[in-house]
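Biologist: Could you take me on a close look at one part of this protein, its nonpolar interior and the helices around it? I'd enjoy one connected walk through it.

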Amino acid sequence: MTVTEPGVIPWREPGTGLRHLADVAARMTRAVESVIDGKPEVVRTSLVVLLAEGHLLIEDVPGVGKTMLAKALGRSIDARVRRIQFTPDLLPSDVTGVSVYNQDTRDFEFRPGPVFSNLVIADEINRAAPKAQSALLECMEEHQVTIDGVTYHLESPFMVVATQNPIEMEGTYPLPEAQRDRFTARVSMGYPSPAAELAMLDSHGNTEPLDTVDPVTEATEITRLISLVRSVHVADEVRRYIIDLVTATRRHPELVLGASPRATLHLIRTARAHAALDGRAFVVPDDVQAMAEPVLTHRLLVRAETAASSGSAEAASRIVADVLARVPIPHRGARPSHRGR
């Protein structure tokens, strides 16, 4: 395993920060793509969300590799990874932990749940009742858990990767708007191409593919990369462009509910991470456009008559594309004149 020694910050030397980030991202991409064939954009979006210190929702029909993607991302990092299988009988304490009375000490002891890790895989999150789903709300937004009046802080980095089946399928509960809004981005796996499916048969037919994935970085290094991404410059013109895009969704005639202020924050954070992966220390409008669909679509509430004709997900994607086409793109403001790397 090739990792950075604890305490070593490789970008202290001028110009090395983004090169190091690109090197780590390339190694993680190769590790994940060794088990996820033919989905480079999905893998890239997963890395963007990780570096943006966000959470990822993977939505699609069963059997297309949603859980495999989440596990492969976890395997590529030498960090604490826990998986929660969401079922109708899951309790909030099964997620966050519980205080248990110890007869020897005559006091309550807290036993941490699986959220006390660096990467939490919430498998089939919409099979659990809303009460269990809501156990993730505080930890996703504030990186902490409050149990019996005591607040416990979570480790950094902290990321929730949730998978869900389409809500039309049997045994699913729709995620409420407040829950969906906490996910930084949503991706859909889709069926593989025939060539990718043939390669999957050759590589996965006789072995467990995840057994071949070794960690290529560690949690402390990811934390340092997240700090680097935060320093990527966003010019005023690009900030206003992001505001204009989000505001346009709130005024769109086919939407009951547009994107929230949290969506604005997530869009600028993912744009920074997208720029960093491209080796730039500044955001350009192309970064914003690349992340607009995965960041915005799952937050939009489409009018019933619009959803009836094409489905909510397809309608939301079309509306985001329409907003991107209508909102003027800033002609300048990508590269800062007074700073940069």
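Modeller: Gladly! Let me begin with a term: a nonpolar core is a set of buried Ala, Val, Leu, Ile, Met, Phe, Trp, Tyr and Cys residues joined through side-chain atoms within 4.5 Å. Please keep in mind that this is a predicted model.

With that term in hand, the largest nonpolar core has 74 residues, and Met28 and Val288 are the members that touch the most others. Helix H11 gives the most to this core, with eight residues. As a backdrop, the protein has 341 residues, 51% of which count as buried, and its secondary structure comes to 14 helices and 13 strands. Among contacts between residues at least 6 apart in sequence, 79% join residues at least 24 apart.

Let's start from Met28. Not counting residues up to four places away in sequence, Met28 touches Leu47, Leu50, Leu73, Ser76, Ile77, Val216, Thr217 and Ile222. One of these partners, Ser76, is also in contact with Val213. Val213 sits in the loop between helix H8 (194–204) and strand E11 (217–218). Val213 counts as buried because its relative accessibility is 5%, under the 20% cut-off. Leaving aside its neighbours within four places in sequence, Val213 is in contact with Ala31, Ser34, Val35, Ala72, Arg75 and Ser76. With Ser34, the C-alpha separation is 7.6 Å, although the two residues are 179 apart along the chain.

Another of Met28's partners, Leu47, takes us to helix H2 and its packing against H11. Two packed helices are described by the angle between their axes and the distance between the axes. Here the axes of H2 (residues 40–51) and H11 (residues 261–277) come within 8 Å and cross at roughly 115°, and the crossing is right-handed. From H2, the residues that meet H11 are Arg44, Leu47, Val48 and Leu51, and on the H11 side they find Thr270, Ala273, His274 and Leu277. That set divides into five nonpolar residues, two polar and one charged. An α-helix has 3.6 residues a turn, so residues three or four places apart point the same way. That is a handy idea to hold against the residue numbers on each side of this contact.

H11 itself has 17 residues and reaches 25 Å from its first C-alpha to its last, close to the 24 Å expected at 1.5 Å a residue. Because 13 of its 17 residues are buried, H11 is largely enclosed by the rest of the structure. Just after H11, Gly279 takes a positive phi of about 85°.

A little further along the chain comes helix H12 (residues 285–296), whose twelve residues reach 16 Å from first C-alpha to last, close to the 16 Å expected at 1.5 Å a residue. Val288, which shares with Met28 the place of touching the most other core members, is among the buried residues of H12, together with Pro285, Asp287, Met291, Ala292, Pro294, Val295 and Leu296. What covers these buried residues includes H2, strand E10 (185–187), helix H10 (236–250), H11 and helix H14 (312–326). H2 and H11, the pair we have just seen crossing, thus return here as part of the cover of H12.

Apart from the largest core lies another, of 25 residues, among them Val95, Phe110, Ala128 and Ala132. Ala128 is a good place to look inside this second core. Ala128 lies in the loop between strand E6 and helix H5, and it counts as buried because its relative accessibility is 0%. Setting aside residues up to four places away in sequence, Ala128 touches Phe86, Thr87, Pro88, Gln133 and Tyr173. Pro88 is 40 residues away from Ala128 in sequence, but their C-alpha atoms are 4.3 Å apart.

Gln133 leads us on to one more buried residue, since it is also in contact with Gln179. Gln179 is found in helix H7 (residues 177–181) and is buried, with a relative accessible area of 1%. Beyond its neighbours within four places in sequence, the contacts of Gln179 are Ile125, Gln133, Ser134, Leu136, Leu137 and Met140.

One last backbone detail belongs to the loop that holds Ala128. Glu124 lies in that loop, between strand E6 (119–123) and helix H5 (130–133), and its phi is near 50°, a positive value in a residue other than glycine. Most residues other than glycine have a negative phi.

Notes: Residues numbered from 1 in each chain as written. Predicted model: local features only at pLDDT ≥ 70, side-chain atom pairs only at ≥ 80, totals over all residues. Heavy atoms only, no water. Axes fitted to C-alpha atoms, helices over the stretch in contact; angles between N-to-C directions. Helix = DSSP H or I, 4+ residues; strand = E, 2+ residues; numbered from the N terminus. Left-handed = near helix turned anticlockwise from the far one by under 90°. Contact = heavy atoms within 4.5 Å. Nonpolar A, V, L, I, M, F, W, Y, C, P; charged D, E, K, R; others polar. Expected span 1.5 Å × (residues − 1). Buried < 20%, exposed > 50% of the residue type's maximum accessible area, 1.4 Å probe, protein only.
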